[in-house]
Each structure stands twice: as structure tokens, then as C-alpha cells.
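Visitor: Please walk me through this one slowly, as I am new to reading structures.

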Amino acid sequence: MAGKIKLGVPNLLPHARRLRDSVTWGARSRLPGYALRKRVKGKVVLITGASSGIGAGVARELAEAGATVLLTARSIEKLEDLAASLRDDGYQAYAYRSDIADLDDCDRLCRKVLDEHGRVDILINNAGRSIRRSIIYSLERFHDYQRVMQLNYFGAIRVAINLIPQMIEHGDGHIINVSTVGVQNGVPRFSAYLGSKCALEGWTMAAQNELLHTGINFTLMNYPLVRTPMIAPTRIYDYFPAMSEKKAVAWMCDAIIRRPKRMVTPFALFSLGMYYTLPKTAEFIVNTGYQIVPEKFSSGKSSRKTGNGAADNAGESNVRPMRLVPARYTGAMIRDSVMTTTTSELPLRHVATALVEAMLPAGRQIPAADVDTVCDTVAGYLDEHPNWARALASSLVWLEGRAVLSTGKRFSKLSPQRRSDLLK
């Protein structure tokens, strides 16, 4: 009959083998050293981001277990040093410089390793970029999201897509994608990073459902914070608990042995359970923590300039600029009322005075003897943080203060004509 749908006949044998292997390798994993050698001896393993941290540690463990490790990262010097060290110890290791964020370079890398080694049995997508920045500070930094997606998602799946055909041909393969515990609990300030990892997890889950019968297995590694060189430049991480690099490497080796669907901590599962059962309670807890922890911890020094000339304010907090503008003054009112005055046209002392007055509760005043001290202190802070001063000078916070100073009333309480006069 025309238009009749012809259904396929599923191959269930791979599922039976997978169940058998799950039991077998689960038992063998009780002896991790023996199980790892049994699993990877004679196999070819490609590791991205292998120049340091987890990647370098896993490379040594796998090389010692008898695998041929292919190391790739942007830093060829570190890769060559690691590969030479492994070869000196009698192991098989090769270094390939590659920028996984460059999709053409991903294609070149995969062609080269397949030409030289014939196959890749295990792919570990370990290369990644993390950015810790609140959304409120990312409004003019959309490139942060693009850069993170390019490496963490597009680059990772580009390498995997290049290697999947030969894995299907050999009837076996293991692709390990490194993700984060943040996917389970929505860690604030990591919207760019978590967005890329959520995309990677979605692709991984879909790919596993499509390719399971071909013999390819996928594993997601939901790592917590790990004490690696990647997080070293961010001082605030010194105050947070983190998994040791040694344990992170052991986690990866266990995933290679057992090929689980996902490696995840009990805390991540608890967070996920909280989110699904008590979502508003979970959000309350996380948001409260977000408001308590500053955007950056103060280093005790004045602001420093970054490479693009912008001020990198060590002590600034996500909470302060958000609280300066009450919720009822956002939206259409801000669009209609924003001023065009710039800091170069407005004395910082005037901005500081307006800000202090705007932040005072109704009916409260600063003693005359303290006005100069308070306002000078705020003005000095704005002088050290010109980005804040610029924002305040052109926002309703400044306008609200001007209304208080000029009329003694809040801007929202003024008549339309009086508001218009203040905007002139």
C-alpha cells in the first residue's frame, strides 16, 4: 500500500552484551589497576586538554596501563614534555598541537591521528573553558558565551563526529565528555559555562540513544570543582572545597573501566532532587548564597587594568549594583527616564552625594558633620571604579538622588511635569 510505513527490526544483542559487560567490569573495578590494564591495553586513546591537570594525569595512568595515548592541547611545549617523559619511561605517547575551538583544526587533528594510528578507541573530551561572571556583568560581553560554546560544545562534538564513523566500523568505542556538577544545581555566575555544558550533555544523551546498538558508549563526567591549574587564577576558589586532582584522575579511570552513563557526586543528585521536588526552596537557598558571596574577593589593592583597558575591580560585588536600583524603577521607567549625562560632565562628588541621599531610608538624614566624610568616601570609591560611576551617572539611581536633593521627594512621587523638569 502506497505510503505505508515500514518499521525496522531492532538489534537487541548489543543491549545484552552491554548488560553482561556492566556486571563483568563492575566486578573487575574492585581491582582498579588490573581492570584498567585489561580495559585499555593496546587501545588508542585521544585526550584533549592534555597539557596539564586532569588530562595530563589521566594520560600517564592510561600510558602506564598499556594504552597508546594521543595528547592534544594548544601548548605544544607542555605536550612535548609530557609525551617525552612518557616515552622515556617506555610508554607510547604522541603530542599533537590543536585548538579545539577552531573547527577546521579539529578536522585536521582527527585526519592526522587516524592516518597515523588507524583508529581511536577512546575519546576523552577534556578541553574546556570556564568563565565566572554574573549575567549582570555580561550584558555587554556576549562574546563570553560564544567563546565558551565554541570550545566546550562545538569543538567537543566536532572531534566526536569525526571519530564516530571509524568507531562504528570497529563495532566499539567510548566517548567521555567532561561536564560539571553545576548542571545539576545551576551554580550562579556560570551561565555561559553551564549553558555550554548543558548543550554538551543534551547532545551526549541523544547520541547515546542513537548509537548504543553500534557498540559506542558515552559517559558524562559531572565533576565538582577540581583543584587544577585552570582554576588557580581565580582566588575566590581558594575558599571553596574542591576535589583533588588525584581523585579526579581516579574518577576518570573508573569511568573508562565501567563505562557508566554518568559519573556524579551524591551532592549533585541531592541538588537535582531538591530542584525537582522543592524548586522554589532550592532557588531560595542558592540565590541567598549568591547574594552573600561577592563577585570577587578583595585583594586589598586598588583596581587594576585588564588587557583591554577595562577596570578589573577586585572588591566589586554582584549585589551592590543590583540593589542600587529598586525593582519598581526598572523596565519602562528606566527606558523613559535614563539620562545622557556622562561622568566627564558630572563631578563625582555630585554623583556620590546623590547616591548617598537616594540610599537613605525615608525620613533619615546624615548628620551634617558626617556628610562630607561619607560623600567623599563614596566619591573616592567611584573614582577608583569608573565603570560604576559611569553607570550611576546615567541611571535612575542618580536621578532618584537628584530628585531627593532638589525636591525632598522620591522621583516616583513627583508629578509628570516635575519629572520632565528634572530630566532636562
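**Helices and cavities**

Guide: Helix 3 passes helix 9 in a right-handed crossing, meaning that the near helix is turned clockwise from the far one by less than a right angle, and helices here are DSSP runs (H or I, at least four residues) numbered from the N terminus. The model is predicted, so local features need pLDDT of at least 70 and side-chain atom pairs 80 or more, while totals for chains, interfaces and linings use all residues. Residues are numbered from 1 along each chain as its sequence is written, and side-chain values use heavy atoms, without hydrogens or water.

Visitor: At what angle do helix 3 and helix 9 cross?

Guide: The axes of helix 3 (residues 53-64) and helix 9 (residues 245-258) cross at roughly 55 degrees and come within 9 Å, with axes fitted to C-alpha atoms over the stretch in contact and angles running from 0 to 180 degrees between N-to-C directions. The two helices are therefore oblique to each other (not under 35, over 145 or 65 to 115 degrees).

Visitor: Which residues make the contact?

Guide: On helix 3 they are Gly-53, Ile-54, Gly-57, Val-58, Glu-61 and Leu-62, and helix 9 brings Glu-245, Ala-248, Val-249, Met-252, Cys-253 and Ile-256, where contact means heavy atoms within 4.5 Å. By class, 8 residues of this contact are nonpolar, 2 are polar and 2 are charged (Asp, Glu, Lys and Arg are charged; Ala, Val, Leu, Ile, Met, Phe, Trp, Tyr, Cys and Pro nonpolar; the others polar).

Visitor: New topic: how many cavities are there?

Guide: The count comes to 2 cavities of 30 Å³ or more, a cavity being a set of points on a 1 Å grid where a 1.4 Å probe fits but cannot get out, lined by residues with an atom within 4 Å of a point. The largest has a volume of about 50 Å³, and the second largest has about 40 Å³.

Visitor: What lines the largest cavity?

Guide: Its lining includes Thr-48, Ile-100, Asn-125, Leu-151, Val-178 and Lys-197, and by class the whole lining has 6 nonpolar, 4 polar and 1 charged residues. Helix 6 (142-170) and helix 8 (191-211) each supply at least two of these lining residues, and the largest share, 3 residues, comes from helix 6.

Visitor: And which helices help line the second largest cavity?

Guide: Helix 6 and helix 8 each supply at least two residues of that lining, which has Asp-144, Tyr-145, Ser-191 and Ala-192 among its members, along with Arg-133 and Arg-189. The lining of the second largest cavity divides into 4 nonpolar, 2 polar and 3 charged residues.

Conventions. 1 Å grid on protein atoms, 1.4 Å probe; cavity = no way out; pocket = protein on both sides within 12 Å on 5 of 7 lines; lining within 4 Å. Points joined across faces, edges and corners; volume = space filled by probe spheres on them.
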